[in-house]
Amino acid sequence: MALPGLLRILLVPFLWAWDVAAGMRAVMERDFLVFTSQGRFLAIRTAAVVIPAIVVAAVLMNKAGATPDSIGKSVLLGATVTVPALVLLLAPALSAGAIAGERSTDTLDIVLAAPVRPLSFVLAKFFSRLLVVLVLVFASLPISSIALVYGGVSVGLFLEATALALGFAVFGVAAGILTSAYSRTVGGAVLGAYALVLLLPALWLAGVALVFSTFFDAVPGDVALSWLALSPYFAWVQTAGSIMGIGTATSGGWLQLAVAAIGAVIVLIVATARISRESATRARGGGKRRRGKHTMFLDNPVIDQAVRGSLLRRPRMPAWLVLAVALIVEALILWAAFEDGADDWELHVIALCVITTIASFQVLASAAGAVASERKSGSLDLLLATPFRYGDVTFGKLCGVLLGVVPLMAIGVIHGVVALPATEFTVQALCAWLAVSGVVLTLFAGIGMRVSIGAATPGRAVLKTFAIVFGGTVLHLVGLFLVAIIVGGGDDEIFLYITASPALLMWMAPMFVADMAADAGSNSSNETVLAASALWTVIWGIVGGHLMARAGRALDRSRDDA
């Protein structure tokens with residue numbers, strides 16, 4: 001009689017794993033097939049092939065007449081730089097809506113009510129979105145494998161670069177799943193995912209470097225490098241250096257894949273615990289918390305709805321995460337400035353530009369979900385039935401989106417004011433940063449609003465908005481690279497091309513103004529670049545206003561259709 005009982009005990013783990021796998025299959029097939037059957041996936045997959053192909057073609061044109069070994073190294077280097085960059089930009093946006101999208105459309109309750117374990121649900125969402133990203137990675141492998149035809153690189157180094165891209169894919173998808181499990185909106189999930197993927201590895205890199213340089217001077221360099229290698233950015237640099245034979249002989253591709261896999265396991269455990277608690281709470285009938293009466297923000301219902309979830313109104317997890325990242329950036333940069341004892345302006349301009357970059361992510365995510373989220377929840381029809389004019393609605397949404405980043409920009413203003421009397425940072429640089437940041441943030445808000453009005457779901461709106469901004473920036477850089485190779489030109493011409501991109505303009509303009517003000521003079525090349533920066537600032541400001549007007553007219557047409 002004891003034998004059947006023992007067999008039952010031994011079979012429990014296998015039966016549990018079978019139950020989890022069965023639940024995964026149902027959710028995973030639905031999620032993966034629905035996502036890959038959409039037209040946007042074809043566009044993303046095409047871009048994931050075309051952009052590396054353009055870079056490799058430019059490398060081959062530049063290396064015409066060089067030795068085959070040199071061509072092979074340059075081709076693999078171009079692919080190693082381009083493919084992980086695309087993965088970092090796409091993976092968080094593709095995965096952040098996996099759970100938050102179900103929650104925003106109220107289908108999460110249906111899934112949790114079905115006989116599907118929370119672990120099965122989270123694993124299915126993770127692997128379905130990971131497969132989507134892996135399709136993009138493997139689609140670019142034939143292009144990077146051209147390096148093996150020319151030679152100069154070993155198969156092991158090629159596999160190392162592939163492992164790096166796979167590690168970035170796992171890292172980006174895990175970050176998206178984590179923020180998606182805790183976010184109520186797709187825009188908040190995307191914002192939190194980009195904060196984790198793009199900023200926290202850089203903060204880890206800077207923090208480890210500062211700690212070892214300040215407190216552990218006697219530690220061997222290999223120990224410090226082993227800690228730095230945990231950052232995907234450092235592993236990226238290591239792999240690129242190994243391809244070109246620069247720096248250490250080892251690269252960090254396989255290490256990054258292992259670290260990303262361990263991090264993904266932790267993320268899956270945390271996300272499963274979150275979904276399990278949510279499922280238990282809803283089963284007890286406590287799905288929605290009761291809130292007391294509150295005063296309306298600026299006595300405007302449109303602005304009140306737009307700022308909700310930001311630091312100004314009922315802040316949620318993504319808002320606190322973004323604030324924490326901004327404060328950590330400020331702390332690290334101030335620490336570095338005090339440790340070096342330098343009064344140069346460079347670190348302070350970088351701090352302000354990082355603040356603007358963080359604010360840009362928040363503006364893009366918030367604006368993209370401003371109208372699409374209301375359409376998905378059904379509240380847009382109620383809004384269009386009110387006597388508000390379309391200009392009032394779009395202006396209210398725009399104000400709410402921009403007001404949501406005021407606390408972040410206030411941190412930058414305080415930093416600049418404090419740095420004025422103690423360093424070479426000048427009032428002109430602070431004013432230039434404020435002006436360019438205001439124009440770029442308004443432009444990004446206009447892009448997000450215009451996309452949001454025409455999108456059916458918040459997830460599609462966020463993905464399309466980030467694709468427009470980051471895809472445009474990547475294409476601009478690729479075009480700049482091609483122009484530099486084909487046409488040629490000096491640094492002045494390159495800077496003139498750079499300022500045409502709004503994402504790069506918000507970095508370049510304050511730096512040139514600060515450089516000229518610190519040198520107490522100017523030259524013709526700097527004046528030319530500054531004139532181009534001012535011209536593009538005015539142009540992008542006009543474009544942002546035009547986008548807002550078009551968004552208002554599109555919303556008015558939606559009212560007429562309703």
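Biologist: How many residues does helix H9 have, and what span should they give?

Modeller: This is a predicted model, and every value here is computed from it. Take a rise of 1.5 Å a residue. Helix H9 covers residues 155–182, so its 28 residues should span 40 Å. The end C-alpha atoms of H9 are 41 Å apart, which agrees.

Biologist: Is H9 largely enclosed or open, and how many of its residues are buried?

Modeller: Buried means under 20% relative accessible area. In H9, 22 of the 28 residues are buried, so this helix is largely enclosed by the rest of the structure.

Biologist: What do the same two readings give for H16?

Modeller: Start with length. H16 has 23 residues, which should span 33 Å, and its end C-alpha atoms are 33 Å apart, so the two agree. Then burial. In H16, 19 of the 23 residues are buried, so H16 too is largely enclosed by the rest of the structure.

Biologist: How many residues of helix H4 are buried, and which are they?

Modeller: Helix H4 runs over residues 97–104, and seven of its eight residues are buried, so it is largely enclosed by the rest of the structure. The buried residues of H4 are Gly97, Ala98, Ile99, Ala100, Gly101, Glu102 and Arg103. Look just past the helix as well. Asp106, just after H4, takes a positive phi of about 65 degrees.

Biologist: Now for empty space. How many cavities of 30 Å³ or more does the structure hold?

Modeller: Rolling a probe the size of a water molecule over the atoms shows where empty space is left. Here there are three cavities of 30 Å³ or more. The largest cavity has a volume of about 110 Å³.

Biologist: What lines the largest cavity?

Modeller: Its lining has 13 residues. Nearest the centre lie Ala79, Leu141, Ser144, Ala161 and Thr162. H3, helix H7 (141–144) and H9 each supply at least two residues of this lining. H3 has the largest share, with five residues.

Biologist: What is the volume of the second largest pocket, and which residues are closest to its centre?

Modeller: The second largest pocket has a volume of about 1200 Å³. It is lined by 37 residues, and Ala85, Leu89, Thr473, Val474 and Leu477 are the closest to its centre. Several helices give two or more residues to this lining, among them H2 (39–62), H10 (186–215), H12 (232–244) and H22 (458–486). H3 gives the most, with nine residues.

Biologist: Where does Trp236 lie, and is it buried or exposed?

Modeller: Trp236 sits in helix H12. Its relative accessibility is 17%, so Trp236 counts as buried. Compare sequence with space next. Trp236 and Gly252 are 16 residues apart along the chain, while their C-alpha atoms are separated by 7.0 Å.

Biologist: What of Tyr233?

Modeller: Tyr233 also belongs to helix H12. Its relative accessible area is 18%, so Tyr233 is buried. Tyr233 and Leu198 are 35 residues apart in sequence, with 9.2 Å between their C-alpha atoms.

Biologist: Which residues make the nonpolar surface patch?

Modeller: Leu148, Val155, Leu159 and Trp254 make this patch, which is about 370 Å². Take Leu148 as a case. Leu148 is part of helix H8, residues 146–150. At 34% relative accessibility, Leu148 counts as partly exposed, because that class lies between the cut-offs of 20% and 50%.

Technical notes:
Residues numbered from 1 in each chain as written. Predicted model: local features only at pLDDT ≥ 70, side-chain atom pairs only at ≥ 80, totals over all residues. Heavy atoms only, no water. Helix = DSSP H or I, 4+ residues; strand = E, 2+ residues; numbered from the N terminus. Expected span 1.5 Å × (residues − 1). Buried < 20%, exposed > 50% of the residue type's maximum accessible area, 1.4 Å probe, protein only. Patch = residues over 30% accessible without salt bridge, like charges linked within 9 Å, V, L, I, M, F, W, Y side chains within 5 Å. Areas by Shrake-Rupley, 256 points an atom, 1.4 Å probe, with all protein chains shown as cover. Salt bridge = Lys/Arg side-chain N within 4 Å of Asp/Glu carboxyl O. 1 Å grid on protein atoms, 1.4 Å probe; cavity = no way out; pocket = protein on both sides within 12 Å on 5 of 7 lines; lining within 4 Å. Points joined across faces, edges and corners; volume = space filled by probe spheres on them.
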